[in-house]
Amino acid sequence: MFDIIILGGGPAGLTAALYARRYGLDVLLLEELYLGGQIINTHAIENYPGFSQAISGGELIDALEAQVRAYQPAIAYESVKEAGLTGPVKKIQTSQNLYESATVIIAAGQNPRPLDLPRENELKGKGVSYCATCDGNFFRGRDVAVVGGGDSALTETIYLSRLCREVTIIHRREEFRAAQAEVDKLMDAPNVTRLMNSQVTELIGDDRLEALRVRNRDGSERVLSVSGVFAAIGAVPNTALFKDSLRLDDYGYILTDETMYTGVPGVFAAGDIRRKTLRQVVTAASDGAAAAHAAMRALGK
């Protein structure tokens, strides 16, 4: 029986564990794959407070993990199958064990949104990717495309421009929805082509991706020869387990108040999985701290 079970080992979950252990609470952190979440694949973080020079996501998570482990929370790498969140005792069933706690902090994050095109699943890892830092080196010296127009899409494009011969960024709107600093970097990259008011309608290739069919808003089409395409069009929250027990918005994100309270006694949500206006590592850490504090108060500590 734990005071708190934390679901997810990204920046929000790790920060929640850090604060909860500093409050003297018994903590179990459950993570399916590896600590760090999506941020571990980020090549360079330039806006995290306290770092005048860019730091990689991996370096930031290594430091945070070491800090958390010094307080010795219980950590288990298990996949959560069921979550019983009602009543005074919360029951979390994983692939291996049943755990119980008085409170739960959900910090399970989100996954990249797919392009929703035919044969996308078949071509994953064969030219279709969702992480430039993970897979970009496989396309060194080749032509690739990035789909999207937000901060992530521009960051991925700039990173790939250092590795690839030509990078085409395809965005369905007239203007990018990214920080001006990222837009300026993109404009300065000599090997980046911008296709605005356009969207990918077909993935072409048998055993591997060979080209994209791209349609412009005016109805014209072109076939773009590329070895890889990187989707950066947003994300889908990992809330399937909670759709019948928690309030979600129209996009599947958990609704909370400013204390991270979900409306279910003893249950809190933190990080990218909850509805918020800004999803950054700094706001995930803030959420984790707030959730741990709220859980402590709920425990009457």
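**Cores and salt bridges**

Biologist: Which residues touch the most other members of the largest nonpolar core?
Modeller: In this predicted model, they are Ile4, Ile6, Leu14, Ile105 and Phe268, out of 31 residues in that core.

Biologist: And which helices and strands supply at least two residues each?
Modeller: There are two strands, E1 (2-7) and E2 (27-30), plus the helices H1 (11-22), H2 (57-69) and H6 (281-298).

Biologist: OK, which one gives the most to this core?
Modeller: That's H6, with seven residues.

Biologist: Why would nonpolar side chains be buried together?
Modeller: It's a general tendency of nonpolar side chains in soluble globular proteins.

Biologist: Back to phenylalanine 268. What does it touch, leaving out residues up to four places away in sequence?
Modeller: Quite a list: Thr103, Val104, Ile105 and Ile106, then Thr259, Met260, Tyr261 and Thr262, and finally Ala291, Ala294, Ala295 and Ala298.

Biologist: What's in the second core?
Modeller: That one is separate and has 22 residues, including Ala132, Leu163, Cys164 and Ala232.

Biologist: Switching to charges. How many salt bridges are there in the whole structure?
Modeller: The search finds eleven. One of them joins the side chains of glutamate 182 and lysine 185, at 3.7 Å from N to O.

Biologist: How far apart are those two in helix H5?
Modeller: They're three residues apart in H5 (residues 180-188), so about one helical turn separates them.

Biologist: Is glutamate 182 buried or exposed?
Modeller: Glutamate 182 is buried, because its relative accessible area is 14%, below the 20% cut-off. Lysine 185 is partly exposed, at 31%.

Biologist: What about arginine 213, which residue does it form a salt bridge with?
Modeller: Glutamate 202 is one partner, and their closest N and O atoms are 2.7 Å apart. This pair links distant parts of the chain, eleven residues apart: arginine 213 is in strand E13 (residues 211-216) and glutamate 202 is in strand E12 (residues 198-204).

Biologist: And how does glutamate 221 fit in, what does it form a salt bridge with?
Modeller: Glutamate 221 also pairs with arginine 213, with the closest N and O atoms 3.9 Å apart.

Biologist: What are the relative accessible areas of arginine 213, glutamate 202 and glutamate 221?
Modeller: Arginine 213 has 26% and is partly exposed. Glutamate 202 is partly exposed at 33%, and glutamate 221 is partly exposed at 42%.

Biologist: Which residues end up in one network through shared partners?
Modeller: Glu202, Arg213, Arg215 and Glu221 are joined that way by their salt bridges.

Conventions
Residues are numbered from 1 along each chain as its sequence is written. This is a predicted model: local features need pLDDT of at least 70, side-chain atom pairs count only at pLDDT 80 or more; totals for chains, interfaces and linings use all residues. Side-chain values use heavy atoms; hydrogens and water are left out. A nonpolar core is a set of buried Ala, Val, Leu, Ile, Met, Phe, Trp, Tyr and Cys residues joined through side-chain atoms within 4.5 Å. Buried means under 20% relative accessible area, exposed over 50%, partly exposed in between (1.4 Å probe, protein chains only). Helices (H or I, at least four residues) and strands (E, at least two) are DSSP runs, numbered from the N terminus. Contact means heavy atoms within 4.5 Å. A salt bridge is a side-chain nitrogen of Lys or Arg within 4 Å of a carboxyl oxygen of Asp or Glu.
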